[in-house]
Amino acid sequence: MTLVGREPVLAAARPLAESVLAGSGRLLLLAGEAGIGKTALLHELARAVPGARVLWGTCWAGGGAPAYWPWTQVLRGLGDPDDPDGPDGTAARLLGSGPAGPEAAGTGAEAADARFRLFDAVARRLLASGEPEPLVVVLDDLQWADEPSLRLLEFVARQLATIRVLVLGAYRDDEAGPAVRALAGVGQVLPLGGLSAADVAALMVDVAGPAAAPPDPRLAERVRRGSAGNPFLVRELTRLLLAQGGWDGIDGAAHLPVPDTVRDTLERRIARLSQPCASVLAVAALDGPVVRTALVDEVAAPAGGCAALLDEAVRARVLQADAEGRHRFVHDLFREVLVAGLPAARRRELHAVLGRALQHRRDAGGDVGAAELAAHFLAAGCAEVADDAVSYAVAAAHEATARLGHEEACRHLTRAMDALDLLDQPDPRRRTALLLELAAARDRSGDTGGAREAFRTAADLARRGADPAGLAGAAIGLQGLGSRSGTSRSEAVELLREAAAALPAGADPALRARVLAGLARALRHGSYGPPAVPAQAAAEEAVALAREVGDPRGLADALLALHDARWRPGSARQRLAVLDQMHEAAQRAGDRDLVALAGQLRATALLELGDPAAPGELAGYAVRADELGHARGRWFALTRRATLALVAGRIDEAVELARRGLELGRAIGQPDAAGAFGTLNASLGLLGHRPEGLGLGSFEADPLQPLVPLLHAWVLACTGRSDEAAAVFAGFATDLVPDKQDLEMLAILAATASAVGSPAQREQAYRRLAPHAGTHVVVGGCAAYSGAVDHHLGRLAAALGRPTHAADHLRAAVAMHERLGAPAWAALSRDALEAVTGAGPDEGNVFRPEGTVWTLAYGGVRAHVPDVKGLHDLATLLATPGRDVHVFTLLGRAEPATGADPVLDEAARRAYRARLADLDAAIEHASSAGERARAEDERDALVRELTAAAGLGGRPRRLGDETERARKTVTARIRDALGRIGQEHPALAAHLRASVRTGTSCRYDPPEPVRWRLRG
């Protein structure tokens, strides 16, 4: 087919092809009406990238295509059905062989996370395919694309800037929805208009053949007006003229048989077909753009089969045949005219017949999707097939969910509920179940408001139908949506209470346990006061029921609810006991997410207690979160590593991790992304930092409106605008600050009152915070760390004019920070202590950390050196002059026994091997997935132990080997530190080089005793 009149479009698009060859990908969209030439241009543009591999995906208007259908076609073109970067297989997910059912995507944030991983994997798959030769991805008829496909296209388009991939798309601009039009924001759109009269004349000659004379210009203008310059219609009108004798001798001003509408033109073409051919084509048009000959034969049942009739349609240019004999419509407009020409009753009848025929194929193992069957049965719209319409629409929703097409799942479920009305006596419990599925699908699609409304409707229907299980499902679902709104929490509490009361005594204890666990969490997190007694009672009953039914997953959930019900400042030790039980139950259930969560909450409790083991516990949690294999796990790992960096005084690292966490959280729709970012920022503010780009003003959007004056005043105080802060804070009632599960808001209150508060406000803040002396401020599940409570009490006492009390608190804070390993906070408390006691700068020898730098003084000269590990080693040696310190001690490990025995003796190795054999047998004969998972986890742990104990070639590694590696590590660390000291303080570096000996044991042994100030 010759392209006529499109040189300007091609000229505008060619630079994009050249940029792709240079390594800069693009998204280019063609927009125009049906028949304007979009598909022909796509072919031409795809050929404009020399040496490129071209992959096509075409959207389908029939309603029976699965989610991500155009991308499925593209990935099939890549040839590899598995994603090498993920366990689920990206193409396998889109091709329909991934996990099935709604549970495959989880709910809410889990679904957003799963979709992000899918999008990211598809993008990486395409990006990798753009090397070494460039890649062109063509997506046609985007006006019919499902919303998940459009979201994936937008995601991919944002990754194209630095790779050799060109994405071309086309859509009918008069039929495109807002999601298609929004793509203009990430790509370039070239609108296609009608041809000029000269171009129309050239196209008419092209259709008529090279021997034809050019038409009269006035005739070409009439054809242009009759077709609006639409190339497809120009061709059709030209063929109509040729069929009536051509244009030789026709006066351009004479009346021409030029139809006024597209339908007239195509109906004239179809009218020339025989009636049997037109009937067969009508059936084929209902089926889709590609003719399935055997199916059409079965449904239309023409005498002698339909092969000859299809050939007739090819000759009439209504169908076209490829090299393998497959037929498809020349243009979708032919399908639309054929379908529109069927009487409504006949159209519904044919949909039912097609549905039954396809159903038989599916039952026989044929590749027929539930969405296709649902589309036909729903279009039939009669009671005879209504039950099948409902069933297949639900199955289609499950298939869409398995592909992470959540918007498609919502559409299928909505239509299933419509089909339910066609049944003579629809079961109200079935409608409730559909509503619960619809609510969950809306939650997964990000429509939380729609999900909440569906849960409410399901609850109303369950009440009217005396359906306690349905009511429980609605209550659990509503609570699971979560909200920072007190109204929404209250609604969930009332519904959960109603559901618990409606469940018959002794019936389904596992369901009752879930309801009570949800009630406990809703009661706790819906209140900003101290834990409510009903919350703990509900959680305890849930735990008892879960133990009774022997459900480890339900028990872990119930124990989590019990932990949350007991969560308040000062309860850390009691919570640790519950968390140990939760961890054990989660391990038995094989739920790695709950195992990791137990570790996260355990780290939180230890950090509140100031236990030196807390950073290690939190670091272990971050590793486990990373290993969970989903983006939410990576988000948790990033944000909690930011907290670790903050504790350790690595401020720049904390800021960078916080930024990365915010970006990832927003990308995956993590509800707490902004909150976690803001709360870490709050801790940085309390520590005296306000890094560029971390605006503290975000707290003004907090839904706790009574706290806005406090938060606003604190932001102003942090930015040095003390007078404004004092004016905003004046009159603020400290009792408005809620008692939550953590002390974040009380710490902010203390900092604000210390800086700009009145004596009364300071006194009230001190009184509220004083019962928590001796503990630390930890926000949520280690979302941030804000120092020892005694630090904030010391600042308040100083502001109240009580230097003795202030000094006592601040000395305690210094010791607590040092014990925990929080040098920046220790330095801050030390500075505050010096300000209270009036101590001036130390004029002696100093070797101490202050935040992210070390202050060094020797021989009357002071210097500052950035923090490195070797400085900590030197500080340890300076603290113990004349004594040997083993390298394992410097590395924070237990000092080994003497000798060079194997890490594992032969008896231990034999025991390990025997246990591995037992576990292999247990895995092979496991009776449940949980039992198999526990055996596999233990086996993996044993293999890691054996690997750690083995040297090169599997030889036993000896303790002496470990010691030698430790010696080299410590020596290198100290050497690096001395080099850095030498750049800033050569005299001190010379003294240390002469006085420090390294080896398996290290020692600081100066010629003359030197007194060092190593702490505050």
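Begin by selecting Arg269 in this predicted model, and then show the residues around it: if its neighbours within four places in sequence are set aside, Arg269 is in contact with Glu236, Arg239, Ala316, Arg317, Val318 and Phe334. The residue belongs to helix α11, which covers residues 262–271. Is Arg269 buried or exposed? Its relative accessibility is 3%, and because buried means under 20% relative accessible area, Arg269 counts as buried.

**Helices α9 and α10**

Now select residues 217–227, which form helix α9, together with residues 231–243, which form helix α10; the two helices pack at an angle of about 125°, and their axes are 9 Å apart. That angle makes α9 oblique to α10, and the crossing of the two is right-handed. To see where they meet, show the side chains of Leu219, Val223, Gly226 and Ser227 in α9, which meet Leu233, Val234, Leu237 and Leu241 in α10. Sorted by class, this contact of α9 with α10 has six nonpolar residues, two polar ones and no charged ones.

**Strand β6**

Next, go to Val291, which lies in strand β6, a strand made of residues 290–291. With a relative accessible area of 7%, Val291 is buried. Which residues does Val291 touch, not counting those up to four places away in sequence? They are Ala284, Val296, Leu310, Leu319, His327, Arg328 and Phe329. Arg328 is a good residue to pick out with a distance label, for Val291 and Arg328 are 37 residues apart in sequence, while their C-alpha atoms are 5.5 Å apart in space.

**The nonpolar cores**

From here, turn to the largest nonpolar core, which has 212 residues, and select Trp71, Leu126 and Leu142, the members that touch the most other members. Then select helix α18, residues 383–402, which contributes the largest share of this core with 10 residues. A second core, separate from that one, has 28 residues, and among them you can select Leu874, Ile981, Val996 and Tyr1004.

Return to Leu142 and show its surroundings: leaving out neighbours within four places in sequence, Leu142 is in contact with Leu29, Cys59, Leu150, Leu153, Gly169, Ala170, Tyr171 and Val180.

**Helices α28 and α29**

The next pair to select is helix α28, residues 592–609, and helix α29, residues 614–627, which pack with their axes 8 Å apart and at an angle of about 160°. How do the two helices run with respect to each other? Because angles over 145 degrees count as roughly antiparallel, α28 and α29 are described as roughly antiparallel to each other, and their crossing is left-handed. On the α28 side, the contact is made by Arg592, Ala596, Leu597, Gly599, Gln600, Arg602, Ala603, Leu606 and Leu607, and on the α29 side by Ala614, Glu617, Leu618, Tyr621, Arg624 and Glu627. Colouring this contact by class will show eight nonpolar, two polar and five charged residues.

**Arg640 in helix α30**

Keep that pair on screen and add Arg640, which is found in helix α30, residues 631–648. Leaving aside neighbours within four places in sequence, Arg640 is in contact with Gln600, Leu618, Tyr621, Trp635, Gly781, Cys782 and Ala783; Gln600 is one of the α28 residues in the contact just visited, and Leu618 and Tyr621 are among those of α29. Arg640 counts as buried, at 5% relative accessibility. A C-alpha to C-alpha distance drawn from Arg640 to Ala676 will read 9.4 Å, although the two residues are 36 residues apart in sequence.

**Helices α35 and α37**

For the last pair, select residues 744–756 for helix α35 and residues 789–799 for helix α37, which pack at an angle of about 25° with their axes 9 Å apart. That makes α35 roughly parallel to α37, and here the crossing is left-handed. In this contact, Ala747, Ala750, Ala753 and Ser754 in α35 meet His792, Arg795, Leu796 and Ala799 in α37, and these residues divide into five nonpolar, two polar and one charged.

**The whole chain**

Finally, zoom out to the whole protein chain, in which there are 45 helices and 17 strands. Of its 1016 residues, buried ones make up 50%. Among the contacts with a separation of 6 or more, 67% are between residues 24 or more positions apart.

Notes. Residues numbered from 1 in each chain as written. Predicted model: local features only at pLDDT ≥ 70, side-chain atom pairs only at ≥ 80, totals over all residues. Heavy atoms only, no water. Core = buried A, V, L, I, M, F, W, Y, C linked by side-chain atoms within 4.5 Å. Buried < 20%, exposed > 50% of the residue type's maximum accessible area, 1.4 Å probe, protein only. Helix = DSSP H or I, 4+ residues; strand = E, 2+ residues; numbered from the N terminus. Contact = heavy atoms within 4.5 Å. Axes fitted to C-alpha atoms, helices over the stretch in contact; angles between N-to-C directions. Parallel < 35°, antiparallel > 145°, perpendicular 65-115°, else oblique. Left-handed = near helix turned anticlockwise from the far one by under 90°. Nonpolar A, V, L, I, M, F, W, Y, C, P; charged D, E, K, R; others polar.
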